[in-house]
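Grab a pencil and work through these exercises with the structure open in your viewer. Each task comes with a solution that goes step by step.

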Amino acid sequence: MKVFFLILMVATSPDDYVKVKIPFGYTLIPITCDEAFEKNVIFKDTETYFKNRIVMAHYCLDEQNNYYMGYEEKLNWELGH
């Protein structure tokens, strides 16, 4: 099983934010970081929300703390490599 973490920067006040770490895993069909992001947030007007708080940024890390995008894995799966 491949595991990665979606990291959200969520505003808690006009001057502060917190990092929220959400684990994701897959065994067969790879998931991209953007797909994980879109499954966990709500898009409303021009803002993005997570649990009623504004999301300022997001990124994903794998188990070795390397940045994870997931597009290479998804493309290889789609092409049968």
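A residue counts as buried under 20% relative accessible area, exposed over 50% and partly exposed in between, with a 1.4 Å probe and protein chains only. The model is predicted, so to speak of local features takes pLDDT of at least 70 and side-chain atom pairs count only at pLDDT 80 or more, while totals for chains, interfaces and linings use all residues. Numbering runs from 1 along each chain as its sequence is written, and side-chain values use heavy atoms, with hydrogens and water left out.

**Exercise 1. Sketch the fold, then put some overall numbers on the chain.**

Step 1: get the elements. Helices are DSSP runs of H or I with at least four residues, strands are runs of E with at least two, and both are numbered from the N terminus. That gives 2 helices and 5 strands, in the order β-β-α-β-β-β-α along the sequence.

Step 2: box it. Along the principal axes, the C-alpha atoms fill roughly 45 × 30 × 15 Å.

Step 3: look at burial and contacts. The chain has 81 residues, and 33% of them count as buried. A contact means heavy atoms within 4.5 Å. Among contacts with a separation of 6 or more, 56% join residues 24 or more positions apart.

Step 4: do the surface. By the Shrake-Rupley method with a 1.4 Å probe, where only the protein chains shown count as cover for residues, the accessible surface is about 5800 Å², with 53% of it on carbon and sulfur atoms.

Step 5: tally charges. Lys and Arg are positive, Asp and Glu negative, and His and the chain ends are not counted. Each charge is placed at NZ of Lys, CZ of Arg, CG of Asp or CD of Glu. The chain has 8 positive and 12 negative side chains, and the centres of the two sets lie 7 Å apart.

**Exercise 2. How many aromatic pairs are there, and what is the geometry of Phe37 with Phe43?**

Step 1: set the rule. Rings of Phe, Tyr and Trp (its six-membered ring) pair if their centres lie within 6.5 Å; planes under 30 degrees apart are stacked, over 60 edge-to-face, and the rest tilted.

Step 2: count. The rule yields 4 aromatic pairs.

Step 3: check the Phe pair. Phe37 and Phe43 have ring centres 6.0 Å apart and planes at 75°, so they are edge-to-face. Phe37 is buried at 10% relative accessible area, whereas Phe43 is exposed at 51%.

Step 4: try the Tyr pair. Tyr59 and Tyr67 are also edge-to-face, at 5.9 Å centre to centre with 65° between the planes. Here Tyr59 is partly exposed at 23%, and Tyr67 is exposed at 68%.

Step 5: pick out the cluster. Phe4, Phe24 and Tyr68 make up one aromatic cluster.

Step 6: look for a charge over a ring, which takes NZ of Lys or CZ of Arg within 6 Å of the ring centre and within 35 degrees of the ring normal. Lys21 lies over the face of Phe5, 4.5 Å from the ring centre.

**Exercise 3. Is Lys74 buried or exposed, and what does Lys74 touch?**

Step 1: locate Lys74, which is in helix α2 (residues 71-79).

Step 2: apply the cut-off. With 16% relative accessibility, Lys74 is buried.

Step 3: list partners. Setting aside neighbours within four places in sequence, Lys74 contacts Ile29, Pro30, Thr32 and Glu35.

Step 4: follow Thr32. This residue is in the loop between β2 (16-26) and α1 (33-40) and is buried at 3%. With the neighbours within four places left out, Thr32 contacts Phe4, Met69, Gly70, Tyr71 and Lys74.

**Exercise 4. Where do Asp45 and Lys51 lie, and what are their phi values?**

Step 1: recall the background. Most residues other than glycine have a negative phi.

Step 2: take Asp45. Its phi is positive, near 55°, its place is the loop between β3 (42-44) and β4 (47-50), and its relative accessible area of 78% makes it exposed.

Step 3: take Lys51. Phi is positive again, about 50°, in the loop between β4 and β5 (53-62); Lys51 is exposed at 70%.

**Exercise 5. What does Val41 touch?**

Step 1: Val41 is in the loop between α1 and β3 and is buried at 8%.

Step 2: not counting residues up to four places away, Val41 touches Thr48, Tyr49, Phe50 and Val55.
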